[in-house]
Amino acid sequence: MTITHQDELDEMKAIGRIVANTMQTMARAMEPGMTTGELDEIGRELLEREGAVSAPQSSYDFPGTTCISVNEEIAHGIPGDRVIAAGDLVNIDVSASRNGYFADTGATYRMPPVRASLDRLCRDGRRAMQVGIAQVGAGKPLAGIGNAIGRFAAQRGYTLIRNLASHGVGRSLHEYPEEIATWPTRHDKRRIDKGLVLTVEPFLSTGGIWATEGDDGWTLYSTPRAPVVQYEHTVVATDRGAIVVTLPG
């Protein structure tokens, strides 16, 4: 989607606020002994209250309202009977639509106590996303996002999952530009149009390189197996940089 009018931006900020508030509320409610299904139910109730529709359900018939991925699961985890325990890494990914506008956000949370190395990975995962967002602006190269994230990761000894990309969003969950690398690439010559709506969502790891699908046909795992974190915002490109629309409030 390319935004050309203020009312479009207002609608994107509205659905962005809804998904951000939902993710934040779910994270605050998370506690040891809770199942991922119970956590997902909190998200379902919040989205329903706001008149929003789960995007993975409506777009892909995903068997859950939100994606909740624990430890070795790195994305697209199906909410269910899995019990969240102390020391877990839990990724919550919330995407939804309202009035025909879609927004997408995600973050990895720590259920204390966790190892210091995982604390550091989470902090740097959020920083990697911010490094990528800083490269968003009208006329800038799309590849600049992944190249900047790649430099950040390499300097700190991390790897990046190289087959889970950022994407266009706005009028559908995934749209043009369909794949935006969050790792270094030399071949993408596309430029960012003013008003383009996209996600920035690097998957930072201590050794993982690829995401591979599990037996349930949805859940993704790291290959090689290693801790992975993901942080994601939906942003709008302007002449002055990026407007982040997935902010709570």
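Which residues of α4 are buried? That is a good place to start reading this model, which is predicted. The points below begin with that helix and then move through the strands to the spaces between them.

1. **Helix α4.** The buried residues of α4 are Leu-118, Leu-121, Cys-122, Asp-124, Gly-125, Ala-128, Met-129, Gly-132 and Ile-133. The helix covers residues 116–133, 18 residues in total. Its length makes a handy check: at 1.5 Å a residue the expected span is 26 Å, and the end C-alpha atoms are 26 Å apart, so the two agree.

2. **The chain as a whole.** You will find five helices and 15 strands in the chain. Taken along the principal axes, the C-alpha atoms fill a box of roughly 45 × 45 × 30 Å. The radius of gyration is 17 Å, and a compact globule with 249 residues would have one near 18 Å, so the chain agrees with that expectation. As for burial, 55% of the 249 residues count as buried.

3. **Strand β9.** If you are looking for a strand covered on both faces, try β9, residues 197–200. Val-197 and Thr-199 are buried on one side, and Leu-198 and Val-200 are buried on the other. β9 runs antiparallel to β14, and four bridges join them. Leu-198 has Val-235 as its bridge partner in β14.

4. **From β14 to β15.** Val-235 also takes part in another pairing, as it stands opposite Val-244 in β15. Strands β14 (residues 233–238) and β15 (residues 241–244) run antiparallel and are joined by four bridges. The connection between β14 and β15 is a hairpin through two residues.

5. **A three-stranded open sheet.** Another group to trace on screen is the open sheet with the order β6-β10-β13, whose pairing is antiparallel. Its edge strands are β6 (159–160) and β13, each of which pairs on one side only. Three bridges connect β10 (residues 203–205) with β13. Within that antiparallel pair, Phe-203 stands opposite Gln-230 in β13.

6. **The largest cavity.** How many cavities of 30 Å³ or more does the structure hold? There are two. The largest has a volume of about 70 Å³. Gln-230, the residue opposite Phe-203, is one of its lining residues, and others include Ser-69, Asn-71, Glu-73, Leu-89, Thr-108 and Val-228. At least two lining residues come from each of β2 (67–70), β3 (73–75), β4 (89–98) and β13 (228–230). By class, the lining has six nonpolar residues, five polar and one charged.

7. **The second largest cavity.** This cavity holds about 30 Å³ of space. Leu-142, Tyr-176, Pro-177, Arg-191, Asp-193 and Leu-196 line it. Four of these residues are nonpolar, two are charged and none is polar.

8. **The largest pocket.** About 510 Å³ of space lies in the largest pocket. It is lined by 26 residues, and those closest to its centre are His-76, Leu-164, His-167, His-174 and Glu-201. Two or more lining residues come from each of α3 (55–60), β4, β7 (166–168) and β8 (175–180). Of the elements, β4 gives the most, with three residues. Thus β4 supplies residues to the lining of this pocket and also to that of the largest cavity. The pocket lining divides into 11 nonpolar, nine polar and six charged residues.

9. **Asn-147 in helix α5.** Is Asn-147 buried, exposed or partly exposed? Asn-147 belongs to helix α5, residues 143–155. Its relative accessibility is 25%, so Asn-147 counts as partly exposed, given that buried means under 20% and exposed means over 50%. For a sense of distance, Asn-147 and Thr-238 are 91 residues apart in sequence, and their C-alpha atoms are 20 Å apart in space.

Key
Residues numbered from 1 in each chain as written. Predicted model: local features only at pLDDT ≥ 70, side-chain atom pairs only at ≥ 80, totals over all residues. Heavy atoms only, no water. 1 Å grid on protein atoms, 1.4 Å probe; cavity = no way out; pocket = protein on both sides within 12 Å on 5 of 7 lines; lining within 4 Å. Points joined across faces, edges and corners; volume = space filled by probe spheres on them. Nonpolar A, V, L, I, M, F, W, Y, C, P; charged D, E, K, R; others polar. Pairing = 2+ DSSP bridges. Expected span 1.5 Å × (residues − 1). Buried < 20%, exposed > 50% of the residue type's maximum accessible area, 1.4 Å probe, protein only. Rg over C-alpha atoms; globule rule 2.2 N^0.38 Å.
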